[in-house]
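User: I should like to discuss the fold of this protein with you, one question at a time. Please reason briefly and close each answer on the item requested.

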Amino acid sequence: MNTLKKYEFILEGLDCANCANKIQDKLTENENYINVNVNFNTLKLTFESELEIHKEDIEYVVKSLEPDVEVLTIDESKKHTSNCGHDHNHEHNYEHEHEHEHVHEKKEYKLNKNVLRIIIGIVIMISIMIIDLPELYTKIIAIIGYAILLFRPAKNAIKLLKSKVIEENFLVTVSCIGAFLIGETVEGLMVIALYEIGKILEEKAINNTRKSIAALMDIKPEYANLVHDNHDHKVNPEEVNIGDIILIKQGEKVPLDGIVIEGEATLNTSSLTGETKPVNVKLEDRVLSGSINDNGLIKLRVIEKYEDSTVSKILNLVENATDKKAKTETFVNKASRVYTPIVLVLALLVAIGLPIVLDVTYIDAIYRALIFLVVSCPCAIVISVPLSYFSGIGRASKNGILIKGSNYLDAVKDIKYIAFDKTGTLTKGKFEVVKIKVYDRDFSENEVLEYAAYGESFSNHPIANAILEKFNRTINKDRISKFKEIPGNGITYKYDNKTVKIGNAEFTEARDEKTNGTCIYVKLDDIVIGAVILSDTIKPETKEAIGALNSLGIKTVMLTGDSEEVAKSVASIIGIKEVKAEMLPNDKYNEMEKIIKNKTKGNVAFVGDGINDSPVIALADVGIAMGGIGASSAIEAADIVIMTDNLTKVAQTVRLSKFTNKIIKQNLIFALLVKIVVLELSVFGIAQMWMAVFADVGVTLLTIFNTMRILFKKK
């Protein structure tokens with residue numbers, strides 16, 4: 001079997017969500033295209049294939065459904081949007097910028113041409129209404145008006161009919177021609193004029209929404225100052241290699257992840273974390289791409305290529321997040337496929353059956369059926385769902401919350417149970433040695449600490465770091481042999497031919513100390529010689545965060561490897577009611593399995609540091625990683641990554657999910673209600689065609705404007 005190759009294209013000018021679904025469905029029909037996805041929000045078409053697929057193959061399918069859509073490769077799209085490059089390659093940049101300007105001018109020309117066409121059509125319509133001409137001249141002028149106004153939709157309708165596709169261009173064309181044939185000349189002109197104006201406004205509204213979302217995520221660096229021979233010159237960040245030196249001047253974005261090798265600066269990391277608090281960096285500090293240098297001048301040694309940098313990962317995650325469609329979106333897409341055929345059948349029944357059951361003429365019945373045709377386009381229903389999820393994900397990103405799919409944003413609103421890891425999540429994860437106890441008079445506190453430090457010298461655990469920091473002396477690792485770490489229990493090693501065990505009471509066979517801290521026992525051969533007691537500080541916002549979740553009706557529980565006494569003490573302070581203590585990593589996994597299995601409703605989430613808790617994060621219905629900034633393991637394991645250690649953002653994510661869902665429901669109910677009312681009024685001869693146009697493009701515009709409220713939600 002041949003390997004699958006992934007393909008990506010940009011569908012420039014795609015402004016109809018229903019049409020995006022049709023392109024996806026059409027490509028899916030071909031067995032050579034696998035995992036086809038058309039992302040209406042990002043205009044990106046992705047699929048896999050065993051065959052060599054060319055741009056022309058995709059253009060043939062897309063143009064048959066959407067004649068005005070341009071198919072671009074990813075490289076072509078980058079050229080269109082790129083405004084940066086090498087100082088020494090001005091001609092190359094000019095070509096790119098000239099090409100971008102040409103595309104922009106082409107769009108403006110098409111828009112101006114459509115506006116001019118609509119104005120001429122409206123002038124003709126008004127002249128028919130106010131000038132009393134012989135009937136023949138009136139009909140000739142009206143036909144000219146229809147030809148001008150219907151030029152775009154009729155041309156698209158004819159092209160689409162060849163592909164056996166019935167969509168709104170066809171429906172509006174038939175409705176307006178039908179209105180002319182039954183003598184409703186002016187109303188037919190009014191309908192097509194209103195429809196065309198609505199489509200222009202709709203395209204503008206969609207593009208403005210996309211721009212607003214793009215502005216929220218405007219963290220992509222335009223250039224990097226590459227230092228060479230004591231001089232710096234601007235280059236594309238993608239061309240900088242690991243180990244290169246870059247200069248970050250005041251007011252500039254940090255283009256790549258790096259280590260400070262010279263200078264100091266104050267950075268604004270709000271675009272990454274959503275936090276406005278400035279961050280001071282100095283020699284040897286790590287700096288993340290996407291930050292902005294508010295004050296100072298620093299040189300960085302690059303530690304990641306651009307494609308592996310923090311800013312690139314964030315942009316890719318957010319951009320591709322809506323590829324993973326939520327259940328609501330999938331349901332609406334499926335429902336829209338049957339909605340139009342049902343309304344078409346109803347229109348036919350109205351045209352044929354209404355004169356039989358009511359005292360109306362066939363002309364009147366046909367007019368009422370034509371209203372059905374205008375109302376039958378499901379754009380308002382289809383368009384608001386993906387735009388709402390995309391807006392929610394964009395808003396979350398601005399707040400320092402990475403949501404990896406529409407399905408996860410949707411799932412958060414249904415969370416009923418959240419389990420928390422303690423260390424590094426509810427607490428700072430920064431341990432301090434508060435006391436050293438000696439159980440054998442032959443040893444001193446320094447000796448107990450020394451044995452503990454030698455054992456912990458091979459570990460990166462926060463407890464190990466605290467013990468080593470307290471010891472603060474050089475460790476000769478040559479004296480250590482047969483080192484072994486037992487996860488969740490402790491460490492064993494040989495030290496000058498003595499067997500040393502460091503860990504919990506059970507592992508070291510020590511008598512358990514009743515303390516409010518974490519107790520690490522030290523056993524030398526067969527004797528427990530002492531213990532190191534450490535304390536971890538609760539994060540200042542933890543109590544507020546747990547309180548916010550409790551107020552949302554979410555049950556909270558702590559899963560920790562700490563002693564029951566320590567765990568219950570922390571839980572009582574922050575407001576968590578349920579505690580599971582003294583758990584090994586495997587115990588946490590098993591407990592999460594049990595919680596998920598026994599749940600009666602809603603989803604179960606787990607919040608951890610994204611490193612030690614990766615298996616449990618992956619198991620949960622919604623896995624949330626805290627402090628994921630710069631940690632690739634957190635980004636990979638979790639469904640949602642909080643880019644700071646601020647726990648209040650968990651409740652903020654839940655509220656955003658609920659608000660997004662509320663907007664989607666409002667849009668769907670409003671769109672369906674208006675369409676149903678207009679359809680019912682048309683049956684009884686009350687509704688006119690302009691109402692049908694409002695039920696289509698008017699409602700679509702209103703749902704887009706309502707969706708934009710998500711972009712401005714703060715908390």
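User: What share of the contacts in the chain with a separation of 6 or more comes from residues 24 or more positions apart?

Analyst: The model is a predicted one. The chain is built from 25 helices and 24 strands. Among its contacts with a separation of 6 or more, residues 24 or more positions apart account for 67%.

User: How much of the chain is buried, as a percentage of its residues?

Analyst: The chain exposes about 33,700 Å², and carbon and sulfur atoms supply 55% of that area. A residue counts as buried when its relative accessible area is under 20%. Of the 715 residues in the chain, the buried share is 52%.

User: In what order do the strands of the open four-stranded sheet lie?

Analyst: The pairing in this open sheet is antiparallel. Its edge strands, each paired on one side only, are β2 (34-39) and β4 (70-73). From one strand to the next, the twist averages 25 degrees. The order is β2-β3-β1-β4.

User: Which residue of β3 stands opposite Phe9?

Analyst: Strand β1, residues 5-12, pairs with strand β3, residues 44-49, in the antiparallel sense. Six bridges join the two strands. The residue of β3 opposite Phe9 is Leu45.

User: Which helices pack on this sheet?

Analyst: One helix spans residues 17-28 and touches β1, β2 and β3, with its direction at about 165 degrees to that of β2. Another spans residues 55-65 and touches β1, β3 and β4, with its direction at about 155 degrees to that of β4. The former is α1, and the latter is α2.

User: Which helix gives the most residues to the largest nonpolar core?

Analyst: In soluble globular proteins, nonpolar side chains tend to be buried together. The largest nonpolar core here has 135 residues, and those with the most contacts inside it are Ile246, Ile418 and Phe420. The greatest contribution, twelve residues, comes from the helix formed by residues 648-683, which is α24.

User: How many residues make up the other core, which includes Ile10 and Leu27?

Analyst: This other core lies apart from the largest one. Leu11 and Leu14 are also among its members. Its residues number 35.

User: Is Lys675 buried or exposed?

Analyst: Lys675 lies in helix α24. Leaving aside residues up to four places away in sequence, Lys675 touches Tyr339, Val375, Cys377, Ile381, Ala695 and Asp696. Its C-alpha atom is 9.1 Å from that of Phe694, 19 residues away along the chain. The relative accessibility of Lys675 is 1%, so this lysine counts as buried.

User: Why do the buried residues of α17 line one face of that helix?

Analyst: An α-helix has 3.6 residues a turn, so residues three or four places apart point the same way. In α17 (residues 462-471), the buried residues are Ile463, Ala464, Ala466, Ile467 and Phe471. Seen down the axis of α17, they line one face because they fall within an arc of 160 degrees.

User: Against which elements do the buried residues of α17 pack?

Analyst: The helix itself is followed by Asn472, whose phi is positive, near 55 degrees. The partners of its buried residues include one helix, α16 (445-456). With the strands added, the elements are α16, β14 (427-438), β18 (518-524) and β19 (527-538).

User: How many residues of β18 are buried?

Analyst: In a regular strand the side chains alternate between the two faces of the sheet. Thr518, Ile520, Val522 and Leu524 point one way from β18, whereas Cys519, Tyr521 and Lys523 point the other way, and all are buried. The count for β18 is therefore seven of seven residues.

User: Which residue of β19 stands opposite Tyr521?

Analyst: Strand β18 pairs in the antiparallel sense with β17 (residues 498-503) over four bridges, and Gly503 stands opposite Tyr521 there. Seven bridges join β18 to β19, which also run antiparallel. In β19, the residue opposite Tyr521 is Ala531.

User: Which residue in the hairpin of β18 and β19 takes a positive phi?

Analyst: Next to this hairpin pairing, β19 also pairs with β14 in the antiparallel sense over eight bridges. The hairpin has two residues between its strands. The positive phi, near 55 degrees, belongs to Asp525.

Definitions and conventions
Residues are numbered from 1 along each chain as its sequence is written. This is a predicted model: local features need pLDDT of at least 70, side-chain atom pairs count only at pLDDT 80 or more; totals for chains, interfaces and linings use all residues. Side-chain values use heavy atoms; hydrogens and water are left out. Buried means under 20% relative accessible area, exposed over 50%, partly exposed in between (1.4 Å probe, protein chains only). Contact means heavy atoms within 4.5 Å. Accessible areas come from the Shrake-Rupley method with a 1.4 Å probe; for residues, only the protein chains shown count as cover. The arc is that of the directions from the helix axis to the C-beta atoms. Two strands pair if DSSP finds at least two bridges between them. Axes are lines fitted to C-alpha atoms, for helices over the stretch in contact, and angles run from 0 to 180 degrees between N-to-C directions. A nonpolar core is a set of buried Ala, Val, Leu, Ile, Met, Phe, Trp, Tyr and Cys residues joined through side-chain atoms within 4.5 Å.
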